[in-house]
Each structure stands twice: as C-alpha cells, then as structure tokens.
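Visitor: I'm new to this one. Can you walk me through it?
Guide: Sure, here it comes.

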Amino acid sequence: MNHAIRVHEYGGPEKMVWEEVPLPSPKPGEALVRHKAVGLNYIDVYFRTGLYKAPSLPATIGMEASGIVEAVGEGVTNVAPGDRVAYATAPIGAYAEARTIKADRLVKVPEAIGFDQAAAMMLQGMTAGFLLTRTFKVQPGQTILVHAAAGGVGLIMTQWAKHLGATVIGSVSTEEKAELAKAHGADHVVVGIESLPARVKEITGGAMLPVVYDSVGRDTFTTSLDCLAPYGMMVSYGNASGPVTTDIGILAAKGSLYLTRPTLATYTSKREDLEAHAAALFDVVAKGAVKIRVNQSFALKDAADAHRALEARKTTGSTVLLP
Ligand code: NDP
C-alpha cells in the first residue's frame with residue numbers, strides 16, 4: 001500500500017494525516033515515481049492553511065520530490081523505469097511514498113547529485129535562478145536585497161547572486177542566521193527590518209537599490225519599497241508573513257516603482273523553460289558556485305513537525321522529508 005500525508009480540512013499542522021492512499025497505474029503520458037526524498041517548501045504551508053486552495057479535499061500536499069521511475073504510461077519517451085528523477089513544478093501530491101505524475105514535469109538528476117540534495121534544491125533553486133536571471137536580470141556590480149537570506153530560497157539566491165557578480169545585502173531575524181548568510185557570501189547582513197532603508201542608504205552611498213527580492217510579504221512590503229531607487233523593481237515572490245494587500249498608489253509615491261508577483265509555475269510552464277532552469281541550476285551546483293544546504297530532515301510521516309519548525313522560523317537552508 002502507498003502512504004501519504006493528506007489534508008482533509010485546512011488548518012494547523014495537526015490537520016496533516018498520514019494514511020493509506022491508492023496508487024494508480026500511470027495513464028498515457030504519466031510516470032509512476034517512487035520517492036526517495038520530498039522537499040519541504042513554504043508553499044506547502046499555504047496549501048495546508050488554505051491560503052492557496054487544493055483542487056479538492058482531501059488533498060495530498062507537496063510540490064517537490066526526487067526518486068526512481070517505477071513504470072511509465074503509453075507514449076512516455078523522456079524517462080524510463082529505473083531513471084533517477086526529480087520534479088518541482090507538478091500539481092500538488094508530493095507528500096507520498098509514491099505517486100503518478102505527468103512525465104513532462106520530470107527532469108533526470110545528474111549522478112553526482114544525491115536524492116536528498118535533489119529534493120532540497122529543485123523548487124528553491126530554480127526559483128532563485130529565474131528571479132535573478134529572468135524576472136530582473138541582475139548585472140555584475142549591482143547591489144540587491146534578499147530577504148530571509150538564510151532560508152531555503154534565500155541561501156541559494158545569495159550564493160547565485162554573488163556568482164553573477166552582485167553585491168548582496170541580506171535581511172534575517174537572528175545573529176545566527178546572519179552568520180550563516182555571511183558564510184554563504186552575503187556582503188552585508190541586517191538583522192531585523194527596522195533599520196533596513198537607512199543601512200541600504202549607507203551601503204549604496206544614497207543611491208538605493210535597483211531591485212529587492214521579498215519573500216516575506218505583508219511585514220516587509222513597505223520597508224522593501226523604501227530600499228528602492230526611483231524606477232526600482234519590487235519582486236514580491238512570497239507571503240511567509242501573510243499576503244500583501246496594499247494600494248498600488250504607493251508605487252507612485254515611493255518613486256515610480258515597478259512591482260511584479262512572479263511564480264515558478266509560469267516560468268517553467270513550457271517544457272523548454274523547465275529544462276533550461278533545471279540545467280542552469282545543475283550547472284551552478286556542479287561548479288560549486290551554489291552549495292545546497294540540507295540543514296534539516298524529518299520522516300515524511302512527521303511532516304507536521306517540519307511545518308512547525310518552518311513556520312516558527314527555526315529552519316535554515318533547505319529541509320527534506322524522508323518516506
Ligand atoms: P524559508 O526557508 O525562506 O522560510 C521562510 C523564512 O521567512 C523564515 O525562515 C524567516 O526567515 C522568514 N520569515 C519572515 N517572517 C516570517 C513569518 N512571519 N513567519 C515565517 N517566516 C518568516 O522558506 P522557502 O525557502 O521555502 O520559501 C521562501 C519564500 O519564497 C516563501 O515565501 C515562499 O512562498 C516563496 N517562494 C516563492 C516561489 C515563487 O515561485 N513565487 C517559489 C519558492 C518559494 P527570518 O527568520 O530570517 O526572517
């Protein structure tokens with residue numbers, strides 16, 4: 001039998017139930033993947049609380065996993081049984097021992113990358129990649145702000161931005177996280193957000209920033225705008241503290257700013273984009289420019305404990321759940 005973590009009603013971590021679920025045979029175009037590791041991501045919290053809605057309930061949550069292809073349906077040519085694969089851009093359903101999935105959402109994992117590392121890096125790593133190279137193309141010499149710089153996306157983004165030649169200002173909530181972000185290349189780290197605009201002014205000699213990458217949302221939105229130069233780009237890509245509900249008039253008041261709310265789903269919806277972003281990530285990891293820090297692991301059946309740690313801001317880097 002197949003086990004999965006399912007949500008029968010939205011709510012706290014206690015709403016996640018470890019139970020037996022059927023495992024269908026792969027339909028045409030699908031593959032059956034036996035998971036070796038499942039990636040923990042903040043979006044899993046949104047699907048558990050109901051901030052983001054599952055297609056129906058009960059729902060198996062989770063966006064990302066690595067594993068081995070066990071069977072394929074008719075017409076599948078990009079993967080075969082026995083292949084080591086990972087995914088991060090399929091519909092929810094990753095918190096399971098095994099699942100069926102559209103085969104065109106799978107990428108093959110290079111031999112040098114282990115299953116834990118693969119499950120930890122695909123979603124957060126491709127996100128860091130598209131944000132830095134497509135949403136706003138960071139140029140060498142530019143100074144950028146990365147919120148939650150010691151977190152999953154944050155730690156990868158910090159290293160990747162350094163690799164691109166940027167100066168990175170990180171924001172974090174504790175001294176320990178500040179040390180971690182610095183150890184991964186952040187040039188300046190600010191603890192707390194109150195002093196951020198003043199620190200940015202000091203660091204940039206008054207010029208302020210061309211771009212801010214904000215994953216925190218409600219609590220940091222206005223402060224982030226205050227760190228931008230006129231015409232600067234506010235990249236609001238997450239809601240860890242809650243969604244942003246501000247009147248867009250604020251963009252005029254703060255200097256004719258640009259605002260985007262991007263998502264990995266759009267940037268990888270075409271197969272060629274998914275392949276390009278996965279290849280770019282594998283490349284920076286293979287070069288050693290980006291190190292994937294799997295700093296926590298939990299049994300998949302204890303996913304509730306992992307959610308508690310993530311929401312209490314107790315995790316750093318990436319986290320995996322082991323079936
Ligand atoms: P993180 O590892 O970054 O964990 C979240 C971090 O956010 C915390 O560690 C904490 O860092 C910070 N934070 C600030 N305020 C709060 C709060 N009130 N509650 C909880 N955490 C808070 O998670 P991920 O790397 O998985 O995701 C980071 C963000 O990126 C999320 O918002 C996620 O939704 C978003 N994301 C968006 C994607 C997209 O396509 N748009 C794709 C992937 C992720 P600190 O203590 O240092 O402040």
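**Backbone oddities and a domain**

Guide: Tyrosine 231 counts as exposed because it has 10 C-beta neighbours inside 10 Å. Exposed means 12 or fewer other C-beta atoms within 10 Å of a residue's own, buried means 20 or more, and partly exposed is in between, with C-beta atoms placed from the backbone.

Visitor: What kind of model is this?
Guide: This is a predicted model: local features need pLDDT of at least 70, side-chain atom pairs count only at pLDDT 80 or more, and totals for chains, interfaces and linings use all residues. Residues are numbered from 1 along each chain as its sequence is written.

Visitor: Where does tyrosine 231 lie?
Guide: In strand 13, residues 228–236. Strands (E, at least two residues) and helices (H or I, at least four) are DSSP runs, numbered from the N terminus.

Visitor: And what is its phi?
Guide: Tyrosine 231 has a positive phi of about 65 degrees, and it is not a glycine. Most residues other than glycine have a negative phi.

Visitor: What about arginine 313, how exposed is that?
Guide: Arginine 313 is partly exposed, with 16 other C-beta atoms within 10 Å. Its phi is positive too, near 60 degrees. Arginine 313 sits in the loop between helix 10 (303–311) and strand 16 (318–322).

Visitor: New topic. Which residues does the cis peptide bond join?
Guide: Leucine 57 and proline 58, with omega about -5 degrees. Proline 58 is in the loop between helix 1 (42–49) and strand 4 (59–60).

Visitor: Which residues does UniProt list for the domain?
Guide: The unreviewed entry lists residues 11–321 as "domain: Enoyl reductase (ER)". UniProt positions use the numbering used here, feature names are shortened, and annotations may be inferred rather than shown by experiment.
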